[in-house]
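Hi there,

Here is the structure I promised to pass on to you. Have a look at it first, and then read my notes below.

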Amino acid sequence: MTPSKYQYPAGLEGPKQLSPKQWVSPQDKLREEVRMLHHAFQGVLETEADLPVKLQERTRVLTRLNLAFRSATTPTAQRIIEERLLPSEARTIKPLPEDPNTYIHAGIVFRFVVTEENVELMGSRENAAKSLGHERKAISSVLGTNICGLHVPMSMLVRYLGMGVWVSTQLSLTPEGLVYGCLDGGDTMVKRSVEMNTMMKRMGEQLNLKPHKAGVLAASSKYLFGPADIQGYHCTKEKRYYLLGLSRLFPPTSPKDGDEKAGYLVRKLRAEALRQGPKPLNSDSYSPFLRTEQDEEDVAQCTRMVTERLAPEVVQGLVELERVQSVEPEDLIKLIHQKGVNIRYLGQLLPLTDTCSAQLMLVLCSEMVARTFRCLVEDEWYALHGRPGTDLSSFESVAQTYFHLLLDDTAKTPATKAFWEDKLVPRLCAKFGPHLLLLTPKMVDRKVLFRRSCELLGVCFGMSDDSTFRNFQFSGAEMGQYGKAVELVPVAKLPTIPQPREAQVHFQEGRMLEAAAIYEGMLANMERSVGMNCPALVPILQSLAAVYTGLGDSHTKHAEDCLSRVVNIRHAEADPSDTSLPQALHLLAVYFSGHNDYDRAISLLSNALRLTQTALGEVHPSVAVLLDALGGVHNLRGEYPEAIATFKQAMALRETIFGCEHPIFARSLIQVGAFYLQQGMAMQAKPFLHRALHILEEGANPVQQPDVAEVHYRLAVAEYELGQYGPALEMFRACQVELERSYGPKNPMVTSCRSYILGMDHNRSTIDPSASTIDWPEPADASGQLTSLSDKEDFPFSDDDNEHLQELLKAQDYPAALPYFRRYMKMQEENLGAVTTAEFQEVLVQYGHVLQHCRHKDAVSIYQRVLDLKEVTHGPRSIEVAMALGSLANAHALQANYDECCRTFQRAAAIWEQIPGQEQSLIECYERLANVHSNFNKCSAALQVWDRVLLLRQQLLGEQHPETVRTVAEMEALYKEIADMEG
């Protein structure tokens, strides 16, 4: 994948991008490879995955980048661990002088976690290795929240020769950049970024974490989501927010009597169990940091849920799975993790398996023995690091010896029997429970045990003729034959992206009733535990509102109630340190605008915009999001000048924040282009859409592929409206498959695309491109049946017809909408009576848009009628009349009425000239007139108008503004065209 220009803010130390010829060493090559992976990875994290297909693509791309990171960095981690056996002067990669356990090489940080200090703190080597396993799982959960703009470094945990190394990309972070958490063990707590606070609040609510006073001293504490020693940074070089120090993100399980040293650092709840818990939990429970007795009681309640409810569900799931397939250890691990049960509870599953098959019990025992065996071997390997004269062969010898002891026949090998009874089984009981004291080698599947032990330890047996290693079916009797063929390889574990929960899957696949039932059950359980107004309810209420909206009109009141509850909860919080209240107001406004209550929607959005600007400032991405929403409501309300002005304000803001090559800026370009298409201004729409396409294709971000498909579709519509039917048909065909893959077969753009293709395929032979007026036949409907303009015209217009018409208009499927609108128009004329009313004029304008999009000749007469009514009701020099003249001029242009088109645009321009504050509308009017001259090969006339446009833009925007520069480029192209014609 080729990262786009915006992805290179020089966030890593080291040289700039180097070409292969400039690489002077393998270290430079590795540095550049990791830099590319890092910026591609972070580029995906700042991409809004607002569609299921984008979320799937995000998961796929992040996984692929993680695998590439593992391939690139694992050999270096292996070398660093092996060189620990050498004297310092003989090592090729040196540790940091101030920290002998940390290495920085080629922009990558390698940090040993199994050190003498950590072993002393955590109680054992095994526990020390677990701490960064918790960090890896926490990073996985943060990635799974899909919060745009919340970043984590690329990282992984490497286990090799009994050592654990945490590998991560080096970031340009400073202590001054800390905006959330602490650096000094909880003494000085920091919380000073509204944006970071908002993202952490969203993350905490999704993961069911409890906001709490974090720190050591109450006086200096701050309310945080997550542990007191979490670290949230603002990286000024990259302009990104990073989250580090996540090993204690999840609360511990309640301790047992005689629990191991520092158990709160080791025995953690899984994220899946945490989300199912009845209450949000405090990450600092049972720790030396601030917490309450209630916090620890809540954790104890969640722990009981794991052992008493979720563990039996695992066994039941295994029984059901065994009915359809043989159960492998991988199936066991996947199911136990999905249910939220920790591996350490495997021993508690065994007494519950009395109804299971003997083979399932063998698999369960084999997995427990394999994990215990790994701990014994790694302990022995770790001890070797402190012995003089140790080399790699010493570790291989230990592996050979221990595999002999594990798998040799106990009847023939007394050492094997002693190993099981004296070492393996006691460690097994300590790890999984004392009831395993009577476990014997006959209670395991030796093939499964051998395979899993090799996978967990990174040990390979067997040798082929070309001296490469291979796995083989091992039995103890064969050990002597293959005893010298041992290879030890690092075991690298990456963060993963959690799979969506069951309710999310139902929602994404359109099973709304099933999703509603699950969310309603979750809401009821949570309300019983935390009350009716706890912020922990917010994610469930928002999800439930989305499901109710998907269920249609019968559930819309329920959706409104859910969103209103969210707003009330956020009001009650009254927390100025985040923007949760504006976000809640935004969601409720979207609901009201979808139900045609535009006044309430604008009021809510205006309030949200004011609150956001107060909290974050006027130049912030969240401000642009609200401006987009406000422009959308103005558009739905028919307030088109206000709509385009607001859309362009948001677009300019995003260009200022992200730059002109960022995909978020491209989304604004698409929105402006779509608006112009809706208004029948295809010529004005194309530059915005082409610019957006260039940005998205340059970035080559697979997560943006749905946006690329949308741009292709809208460009096809533009070509269709401009009469370029051949290119339009090819473009529709080219984007149809990707549109359907991205948005699903029922999406309005997909059905509209299909309608255009079917209609043009049928009518292609009837078109005369040279005709001055083209009465283009109607495209087919989605079923492939051609629709007649007079179809059903004598039937009354029902509520179902109106609903279908609104869906077609929303999808911009104007050819299919036209017969419905004829009947709608007739009904409105009868109902409204006086044709001068504003309501009827709005209906006429909508009808004219539909006709114009269909390139129907009646559009001219309809817009002329609109103009006449506007002159009567608003006066001949009003803004409304100027807008009506613009629409009429567009209709003349599409019917090739050149003279009438020019005269009408000139009348509109004369009105705009006399209205103060309408310079932008005047420029757009002149630009449309210039394009008309160009389309009819009147280049000299076009240049005269472009001169006027250029002067106005220089006065309004300045000479260096992109729009001014574009105007100059248009004029240069025209001069060249004139020169070519004269030559």
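The protein chain has 37 helices and 14 strands, both taken as DSSP runs numbered from the N terminus (H or I over at least four residues for helices, E over at least two for strands). Please keep in mind that this is a predicted model, in which local features need pLDDT of at least 70, side-chain atom pairs count only at pLDDT 80 or more, and totals for chains, interfaces and linings use all residues. Residues are numbered from 1 along each chain as its sequence is written, and side-chain values use heavy atoms, leaving out hydrogens and water.

The average pLDDT (the predictor's confidence in each residue, from 0 to 100) is 81 for the protein chain, and 84% of the residues score at least 70. Over residues 1-18 pLDDT stays under 50, and residues 765-795 also stay under 50.

Of the chain's 983 residues, 54% are buried, meaning under 20% relative accessible area with a 1.4 Å probe, protein chains only.

The largest nonpolar core (buried Ala, Val, Leu, Ile, Met, Phe, Trp, Tyr and Cys residues joined through side-chain atoms within 4.5 Å) holds 137 residues, and Met203, Leu243, Leu249, Trp381 and Trp420 touch the most other members. Helix 11 (residues 358-384) gives this core its largest share, eleven residues. The core lies between domain 1 (26-271) and domain 2 (364-473), because both give residues to it; the bounds come from an automatic or database domain assignment. A second, separate core of 46 residues includes Met526, Ala536, Val538 and Ala650.

Best wishes

Methods. Contact = heavy atoms within 4.5 Å. Buried < 20%, exposed > 50% of the residue type's maximum accessible area, 1.4 Å probe, protein only.
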